[in-house]
Every structure is written in C-alpha cells, then in structure tokens.
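Got the model loaded in your viewer? Let's take a walk through it, one selection at a time.

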Amino acid sequence: MKHTLQQVFHSPKFVVGFCIFSFIMLTVVIYPLFVKDEPLSIISQGTFFPPGIYTNVYDTIGSQPYTLFLEDAEAKRIANKLGDQERLDMKEWLVAAGIPENEIDTSNTEILMGQWVNTYDPKLQVPGMTQAKLRYYQRLDASLEGILATEGVTIAVKNPETTTLEETDSVAQTDYVNISDVPNVRLLLLGTDNFGRDVMTELVSATGTSLLIGLVAGLIATTIGLVLGLAAGYLGGVVDDVVMFFTNIFTVIPTFVLLILISYSIGQENRGAVTIAVVIGFTAWVWTARAVRAQVISLRNRDHVNLSKLSGHPVALIIFTDILPYIASYVIMAFILQVSSAILAEASLSILGLGPKTSEVPTLGLMMNWAMIYQAHILGKWWAYFPVIIIIALVSFSLNLMNTGLDQIYNPALRE
Amino acid sequence: MKGYARYFGKKLVWVLITFIFAFLLNFTLPRLMPGDPVAVITQRATQGMQSASAVQEVYKQYQELFGTNKPLLTQFFLYIKNLTRGDFGVSFSQYPRPVAQVLKSSVGWTLMLQLPAILIGWLIGNLLGALAAYLKGWYDRALMPLSIFASGLPAFGMAVVLLVIFGVKLNLFPTSGGYGFDMIPNFSWAFIWSVIIHYMLPFWSIVLIIIGGQAIGMRSMSIYELNSDYVKYSRFMGIKDAKIIRYVFRNAMLPQITGLALAIGTMIGGALVAEIIFSYPGLGTTLLNGIMGQDYPLISATTLIITVMVLAATFAIELLYGFIDPRIKAAQSD
C-alpha cells in the first residue's frame, strides 16, 4: 500500500491534478470560516456590481481626514471624468459649433475646458446630430461641472427646526482617509450577480454543492456498476445475460435524454441537490458495469482464483480477496471519471432549467443558468459567468489529470 | 454474404429492442410528473374569465383535445397510432401549433450543425492523437494537457468563451440565432452567407471539445499499437516508418470507431446545450422552450427524436464497422 502511494505521488500528472483539486477543496472548507454570509442572501440593490472594494461613503465622511500632497492627484481626478474618448467627442462638438480645428488642443485640459464652457449650448441644434448624441453631450457637460475647481466640498446637515442647511464640515481636495479607519468596507472579490448576491460567497458554496453532487452520483454509479459488473462477470450464465441485456440497452439510449426525462418527471418542487445527484448516479453506471465485467471475466479463470475455489472458499470471500484487489485501481479511476462527468451533467441539466430547486443552495450549473438568463455574457459582466466556467473546467481538469496519471502508473505501456 | 447478414441482423434486432425500451420510457416518464399540465394551459387560456363553469368547460375541452382524460393504456395506443401518421400531438406552450410543425425545422438545423461538427472533431482529434503518440516530445507534452483541459470543459463553457471573445469583444460573428433576425429563410446569397457566419461559433465550440476527448483516446490506442510486437518485428525487418504508421493508424482507428458509436449520445447531449447558448434554432433550444413552457408533448417528441437520431447514428457506425473490421470480414469467408 505504502509503495503504491509512493508510486502514485511520483507521477507529475497526478500530483498536479491532486494539488489543484485539494486547493479547491480547501477553499470550499476554509472560506466559510471567514465569510459567514448566507450564500444566497441578497446584499445589494441593483444588479451586476463590478468586482472591487466597496467603502462606505457615509463612514468616510465621519472618519479622521489625513492631508496628503500628491502631485498626480489632480490629473487623476480629471482623467477619471475626462478620458481620451470624451476629449475627442468634445472636439467634435466644438468643430461642429464653428471653432477652427487647429485651435483645439485636446491635450491641454484648461484651454479645452475654457472653449467648452464658452461655446457649449445644450439648446443648440447641430445639423445631422441624433437626439441620442445630443443627450450624450448634455450628460457630458453635467459631469464636467466643477472639474477644474480647486476648493473643497462643504458638508451640511439639515437643521430640523429651521429646515435650513448648516455647515458642519468641509472636505478639501487633499483629504484622505485611512481605509482601516472606516468601519464598513466590503471586499466583493467577484462583484455581485443578477440578484445582487455576492458572487464569491455564492461560488464557493456552489463549488461545494457541485462537488457533493459529483461525489454522491459517482459513489452511486460506481457501486451499481461494480456490483452488476462483478455479478455478471463472476457468476456468468443467466445473471450475465440479464445484466448485459440492460447494459446494452442503456449504453445506446442517450444518458442525457434519460436525465432530462427523469428530472422533468420528478418536478421542480422535489428536485433537491441530492435528488439530482441520485438521478445522475442511477443513469451513469453503465460504463463502469461494462468495464468491470470485462476485467472480472479475464480474472475469473486465473490460477489464484481457481485455487481459492478448490479450497472451498465462499463466493463473497473469493470476490473480496481474489478479485477486488486486482480491479481496485481500475474502479478508482472509473470513480474519478464518474465524479467529473456527474458535475458536468448537473451543469448541463441546470442550464436546461432542470437543475436543483433554485431557492435553497447554489450549484455551479445554476449560477451558469442565472448568468445566461440575465445575459451576463452579452452585457460583458464577466464576473458572473467566467469564474464558474473556470471552476468547472479546473475541477474536471484536475480529476482527469489525476486519472491520466493513475492510468500511466497502472498501464506501463502508456508511461513516457 | 450469409455472415454479414447475420451480423447486421443481430445489430438490427438490438436497435429495435433498444428503441422499444426507449419509447416506453419516453412515454411513461413525463406522465408520472406531479401536477396537471392541462390545468396550466386552461389557466392561461381562461385568464380574466369570471364564470367557473365556463373555465370547467374549457378544461374539459382541452382534456378531450389532449386525450388526458382517457386511461393511460388507451393514451398509449392512441399515441402510437398518431405517431405512425407523423402526428406528435399539439404543443401546449405554442398552442395550437402541432408539435410536428415545431420540430420539423429544428431537426434540420441540429443535423446540419452536429453531424459535420462531430465528424470533423472526431477526425481532427484522431489525427492529433496519433501524431502525439508518434512524435512524442514537446508536441505530446503540449497537446496532452490541452486535450485534457478541452475535454474536461463542458461544451456550453467553450460556447460561452468563444461567444464572448469572437462575438462580443471582437464582434466578428453574430452571437445568437441561426440566421439574421431580419431575414426570411430563402435561397438567396445574403441568406446563405448569414447562415454561414451564424454557423461558425456553435460549430467550432462543438468541434474543439470533441477534438480534446478523441485525441486522448487515440494517443493511448496508438501507443499500445506502436509498442506491439508486429510493429517491432516490422522495424527489425526494415520496413519504412511511413508504411508501419499506416497499419498502426488503421488498427488504432478500430476501437476509436466503436468509441464513437458508444459516445455519440453523450456528444449530442453536450452539443444540444451548446445550441442553447447561441439560441441556435435546433432541438436544444426547442427542448429548452418545452421545459420552460411545461410542454410535455413537445419534450417527449424532442427526446424521442434525439433518441432516434442517436440510435440511427450508432447503427450506421456499426454497419460501417462491419465492413472495415478485418476480423468481421474474415468471419464472412468461413
């Protein structure tokens, strides 16, 4: 046993796969210890907030200001509102309004702004310009207001008795807050999804559920396949005929169709994550049964098995001591493949709208389904779907890599 | 020729048995569903209607129309009788369109997309895999992890990635549909061009996934063959590599053909989901619509057609296999 493990961990493919898989598993276990939110709790108003650090504005006003003199602060502030595209758009308007093109310098902010403030007139109808474009210029003009100002902003509080504003504080342009002074800062590593939920928390929980589905389905499929394969291969005769009859039928009937029909007939209300896993498990045993049967048939007449038979050992004992150890490596590889294909099967089902019930737990397939329904891919909200694809791909890649590694160890012909 | 007839006869019997089994499952499973689908469409049709007896009448009429008030066995025979006339019943969600009409166009789209994609993916994958086994070295080391990664990626994942890169970011290809939304199918150049550019992304996302899986299988097969005694013997004999490779390729191909027959169901399943991502007007999208609209005549007809397609493909591959496998050929001369 020790020797086998040593050999297994010397295969680079297996080790890489194992590391990726362990990393994902560890994240699933450790992350909830730090972030205790419910994975499906809605934490934001509005949809698809981009990833980043969210700092509470109200709290920053209350916290102690630090004065920093940074040279590029003003340039950055202007660049944030007035990018290259905006400058070109402004130039376009100014040319249309009759200012000669060679007098406009888009790189000199002060002159450009001066020309803009002097000439821009929201009511002016430029010939050939669409309404949408005119509106765009009105918005641009509004956002540029006060861009070159150097004084700070006043903070005022409404006096409840006189209903007038009273100045309480002012913020200078050189004021900074230390983020650790602000009590409410939230890191949304992957932003929020279409329902306003934290994608990172959801993703970790979904990965856990999907791995669980894969594990349960894989265990069921492998157990059924192993039992049927052993029975058919070792007992032979009528048992073999019956098992092979059903195995042949279910190899040709597409598993995908069976999955759709069964999960549809279970009905939306009864589909939990575990139910889906059981359904996947019960439709995926065919390959394992075939392969195990073939292996057992080749083992059945080996000398050591015959010796056991002659010694009068019961069938169960022969299977456990003389057959199972010889096909163990094979069964483990089949199990790994079952887990990975079950995770993919769940994802495909969920995209069709036949996945687990949506209100309880997220799964990778459901997250994908939500992102697709809300058109995250068309809207460019990559954080809602891309991490999901990456995780599915990584899980299945790591499992397949482990499998290939094992294959190379147990099939010496494939070694490099 | 007698041997061939026996081989094909046996295969045909299996296909028929499997079909009957699939047909039974296909009929019974959706009918076990809790809830009353007729009640759902009655509700939809009678929205705003006040009189309860009127609603009751509508319900009865629909029950009569869909035949859900008859015992299951009668429904079954009625279903078979209608099927032989090419009548799949009336769609619930797109009432009063008949299911056959809904499916007629989508079957063509799916066939046109998946048949070439699976064949081309399979061919390229096998070539790459055989090359990896033969060339070894850096080519093998680069191709293997890539293939494992591609084969592990779900078809819809590849579809989304291609769609975002080539459809949304680079804006080279349209992102959804089978042809321009402003067109009516006809045989003009503009329409055919539109179909071709809409075809590219779904096609390549299916092809790339299949390449990965096939390359891995073919590589192992070729390595086995390259290490076998007949190859070593031929090398000692001084036969040229190019000639040996041809034999190796042929021998390694045989299990790959069987593999294709066995895996085609899974491939089609994955490809159907990829269709959904592109809203391609094929069976995948129809299936999704059926599921969303709780439309069991549509679902059951779609799954039946998918099953028939897979069975037909499997049977065709087995026929082909019978002709090319030298062992089956040899058995005929006895």
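Before we click on anything, a working rule: two residues are in contact if their C-beta atoms, placed from the backbone, lie within 7 Å. What you have open is a predicted model, in which local features need pLDDT of at least 70 and side-chain atom pairs count only at pLDDT 80 or more, while totals for chains, interfaces and linings use all residues. Residues are numbered from 1 along each chain as its sequence is written, and chains are lettered from A and ligands numbered from 1 in the order in which they are written. For the complex, the predictor gives an ipTM of 0.83 and a pTM of 0.84.

**Stop 1: chain A, whole.** Select chain A and turn it about: along its principal axes the C-alpha trace spans about 105 × 55 × 50 Å. Its radius of gyration (taken over C-alpha atoms) is 33 Å, whereas a compact globule of 416 residues would come in near 22 Å, by the rule of 2.2 Å times the number of residues to the power 0.38. Colour by secondary structure and you get 17 helices and six strands; these are DSSP runs numbered from the N terminus, with helices being H or I of at least four residues and strands E of at least two.

Now colour by domain, with bounds from an automatic or database domain assignment. Domain 1 is 2-42 + 194-410, domain 2 is 57-69 + 149-187 and domain 3 is 83-143. The C-alpha centres of domain 1 and domain 3 of chain A sit 60 Å apart.

**Stop 2: I20(A).** Zoom to helix α2 (residues 12-34) of chain A, where you'll find I20(A). Is I20(A) buried, partly exposed or exposed? It is partly exposed, because 17 other C-beta atoms lie within 10 Å; buried takes 20 or more, exposed means 12 or fewer, and partly exposed is in between, with C-beta atoms placed from the backbone. Show L394(A) and S398(A) too: both are in contact with I20(A), leaving aside neighbours within four places in sequence. Then try a distance to M402(A), which is 382 residues away in sequence but 10.0 Å away in space, C-alpha to C-alpha.

**Stop 3: where the chains meet.** Select the 38 residues of chain A that are in contact with 51 residues of chain B. On the chain A side, α9 (237-252), α10 (255-266), α14 (315-351), α16 (376-379) and α17 (382-410) each supply at least two residues. Which helix gives the most? That's α17(A), with nine residues.

**Stop 4: chain B.** Switch to chain B and you'll see 13 helices and zero strands. Its C-alpha trace spans about 90 × 60 × 40 Å along the principal axes, and buried residues make up 39% of its 334 residues. Centre on A159(B), which touches P202(B), S205(B), A274(B), I277(B) and F278(B), not counting residues up to four places away in sequence.

For contrast, pick helix α9 (residues 229-237) of chain B: none of its nine residues is buried. Just after α9(B), G238(B) takes a positive phi of about 85°.

**Last stop: confidence.** Colour chain B by pLDDT, the predictor's confidence in each residue, from 0 to 100. The average is 82, and 94% of the residues score at least 70. Within chain B, confidence is highest in helix α5 (residues 99-135), at a mean of 88, and lowest in helix α13 (residues 326-333), at 63. Where pLDDT is low, the predicted coordinates should not be read in detail.
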